[in-house]
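Student: I have a new model open and want a quick tour. Can you walk me through it?

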Amino acid sequence: MFFKTFSSLLFSPPPPPASILIADDFATFFINKIKNISAQFSTPQSIKHILSANIHSFTSFSSLSEAEISKLILSNHPTTCLLNSIPSHLLQAISPVVVPALTHIINISLHTGVFPSTFRQARIAPLLKKPTLNPSLLENYRPVSLLHFIAKTLERAVFNQISAFFTQNKLLDSNQSGFKSGHSNETALLSVVEALRLARAESKSSILILLDLSVAFNTVNHQILLSALLAKGISGTALQWFESYLSDRSFKVSWRSEVSTSHHLTTGVPQGSVLGPLLVSVYMASLGSVIQKHGFSYHCYADDTQLYHSFHPDDPTVAVCISACLTDISCLMKDHHLQLKLAKTELLVVPANPSFHHNFTIQLGTSTITPSMVLIDDQLTFSDHIAKTVRSCRFALFNIKKIRPFLSEHAAQLLVQALVLSRLDYCNALLAGLPASSIKPLQLTQNAAARLFFNELKRMHFTPLFINLHWLPIYQFMLA
């Protein structure tokens with residue numbers, strides 16, 4: 001409520017929902033988009049489920065105690081969904097009473113390999129991608145799936161056991177940072193940037209390619225996914241549970257107090273689910289070997305893939321290698337019923353030194369890929385990223401300053417931390433090693449945030465303010 005009040009005072013209200021659209025319009029649009037992509041692919045041939053003799057197997061799930069189920073329920077975020085017969089926050093409040101029944105339901109599901117049919121339904125809420133987009137166009141909306149709270153609790157129980165099995169037997173891709181303990185978007189970027197910097201230190205140029213997939217979660221083929229799980233050692237009742245989990249899924253769209261008709265889903269894993277990201281990682285596990293076959297390195301975050309390659313500046317074969325690698329990746333994606341959007345695939349060339357200028361233009365079918373600027377610039381200075389971060393933080397500080405006299409210290413601290421410090425902290429490990437002149441704008445922004453919080457004058461030195469707030473000056477962190 002506090003942040004809604006802040007936004008209503010200082011920001012333009014979002015555009016009203018389009019009155020000409022109804023729930024069934026969204027449902028038809030979303031399901032047709034998936035069908036049109038899936039129609040491009042041929043039906044996969046029947047795959048025999050043969051478990052390799054040299055791999056560990058996971059055939060059944062372990063039972064959970066009432067204490068473990070209670071911990072799962074209380075640790076879940078109490079999201080709101082119309083599918084919940086009991087509001088999730090109320091279910092958490094009365095968990096001591098209902099835990100015995102829920103423990104029985106969850107253990108029965110794990111032992112029989114059956115995912116309850118009630119839990120296979122999803123409710124989709126269309127969300128406008130950007131406030132500036134036309135709200136009357138269906139393509140400007142993103143489908144946000146809301147799932148049953150108890151279903152996500154059951155998924156968490158399965159996720160914990162499956163991910164532990166994969167980790168213990170080193171079956172997960174070591175170059176995957178998505179939804180993995182101790183990993184994040186920042187660790188993925190650090191891995192890539194460090195490789196680019198090391199190559200430059202060796203007087204080598206590098207090429208970085210960011211792959212873009214279209215609705216990857218929604219077009220996952222169930223037969224291929226189950227075969228991939230079997231190849232990882234999932235069999236028996238555990239594999240039956242995943243078959244049940246994926247089959248007979250459906251969704252309805254909620255829009256302006258109305259609900260669409262139900263639509264059956266034959267592909268995909270539910271977005272917003274606990275198991276979805278892990279299943280997509282297993283589904284795309286073979287991508288790494290295709291990339292490495294061409295001498296490229298890579299790093300993934302869920303379904304986002306960054307591949308990079310270092311080379312001597314005078315190497316004439318680089319463009320051919322890139323085309324061959326992307327061609328094989330495109331074929332693999334097609335075999336896995338995933339659509340690679342070559343038109344939106346980004347390419348960045350990092351020269352060995354500023355005097356080199358590589359002019360790469362990759363032609364792949366009817367698509368042409370040319371170098372573009374992304375979060376990482378071609379000189380690895382992050383100058384554009386720093387400038388954008390400072391602009392957004394200064395804008396937030398300007399707005400907070402308007403109402404600072406009416407805010408308590410606690411309210412001011414919430415706004416500064418949420419709107420300013422979060423932006424300064426995001427992936428700031430990438431800036432380590434940059435010269436002080438590059439970091440200075442960020443430090444000055446943090447100084448301004450501290451002064452605004454304490455209502456201090458500009459000439460006030462910032463160090464005592466940081467000590468009181470327990471904030472670490474960015475510049476000192478970078479020097480360390």
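**A helix on the inside**

Tutor: Start with helix α8, where the buried residues are His222, Ile224, Leu225, Leu226, Ser227, Ala228, Leu229 and Leu230. Keep in mind that this is a predicted model.

Student: How many residues of α8 are buried, out of how many?

Tutor: Eight of the 10. The helix covers residues 222-231, and it is largely enclosed by the rest of the structure because so many of its residues are buried.

Student: What do those buried residues pack against?

Tutor: Helices α6 (149-168), α9, α10 (276-283) and α12.

Student: Let's stay with α9. At what angle do α5 and α9 cross?

Tutor: Roughly 110 degrees. The axes of α5 (residues 95-112) and α9 (residues 236-246) come within 7 Å. The two helices are therefore roughly perpendicular to each other.

Student: Which residues meet there?

Tutor: From α5, Ser109, Leu110, His111 and Thr112. From α9, Thr237, Gln240 and Trp241.

Student: Trp241 is a ring. Which cluster does Trp241 belong to?

Tutor: Ring pairs link Trp241 with Phe58, Phe61, Phe115, Phe119, Phe165, Phe166, Phe242 and Tyr245.

Student: What lies over the face of Tyr245?

Tutor: Arg249, at 4.9 Å from the ring centre. Elsewhere, Arg156 lies over the face of Phe159, at 5.5 Å from the ring centre.

Student: How many aromatic pairs in total?

Tutor: The count comes to 16. One of them is tilted: Phe26 with Trp255, 4.6 Å centre to centre and 50 degrees between the planes.

Student: Which parts of the chain does that pair tie together?

Tutor: Phe26 sits in helix α2 (residues 23-38) and Trp255 in strand β5 (residues 249-255), so the pair connects parts that are 229 residues apart in sequence.

Student: Phe26 and Trp255, buried or exposed?

Tutor: Phe26 is buried, and Trp255 is buried too.

Student: Switching to strands. What is the order in the four-stranded sheet?

Tutor: β8-β9-β3-β11, an open sheet with antiparallel pairing. The edges are β8 (297-301) and β11 (346-350). Each has a single partner strand, so one side of each lacks a neighbour in the sheet. On average, neighbouring strands are turned by 15 degrees against each other, direction ignored.

Student: How many bridges join β8 and β9?

Tutor: Five, in the antiparallel sense, with β9 spanning residues 304-311. As an example, Tyr298 has Leu307 in β9 as its bridge partner.

Student: Which helices pack on this sheet?

Tutor: Helix α7 (residues 185-201) lies across β3 (205-211), β8, β9 and β11, and runs at about 10 degrees to β9. Helix α12 (residues 318-335) packs on the sheet as well, touching β3 and β9. The direction of α12 makes about 20 degrees with that of β3.

Student: Last topic, backbone oddities. What is the phi of Lys170?

Tutor: Positive, about 55 degrees, although Lys170 is not a glycine. Lys170 lies in the loop between α6 and α7. Lys170 is exposed, with a relative accessible area of 74%.

Student: And what about the phi of His337?

Tutor: Positive again, about 60 degrees, and His337 is not a glycine either. His337 lies in the loop between α12 and β10 (339-340).

Student: Is His337 buried or exposed?

Tutor: Buried, with a relative accessible area of 7%. The cut-off for buried is under 20%.

Key
Residues are numbered from 1 along each chain as its sequence is written. This is a predicted model: local features need pLDDT of at least 70, side-chain atom pairs count only at pLDDT 80 or more; totals for chains, interfaces and linings use all residues. Side-chain values use heavy atoms; hydrogens and water are left out. Two strands pair if DSSP finds at least two bridges between them. Axes are lines fitted to C-alpha atoms, for helices over the stretch in contact, and angles run from 0 to 180 degrees between N-to-C directions. Contact means heavy atoms within 4.5 Å. Rings of Phe, Tyr and Trp (its six-membered ring) pair if their centres lie within 6.5 Å; planes under 30 degrees apart count as stacked, over 60 as edge-to-face and the rest as tilted. Buried means under 20% relative accessible area, exposed over 50%, partly exposed in between (1.4 Å probe, protein chains only). A charge sits over a ring if NZ of Lys or CZ of Arg is within 6 Å of the ring centre and within 35 degrees of the ring normal. Angles under 35 degrees count as roughly parallel, over 145 as roughly antiparallel, 65 to 115 as roughly perpendicular and the rest as oblique.
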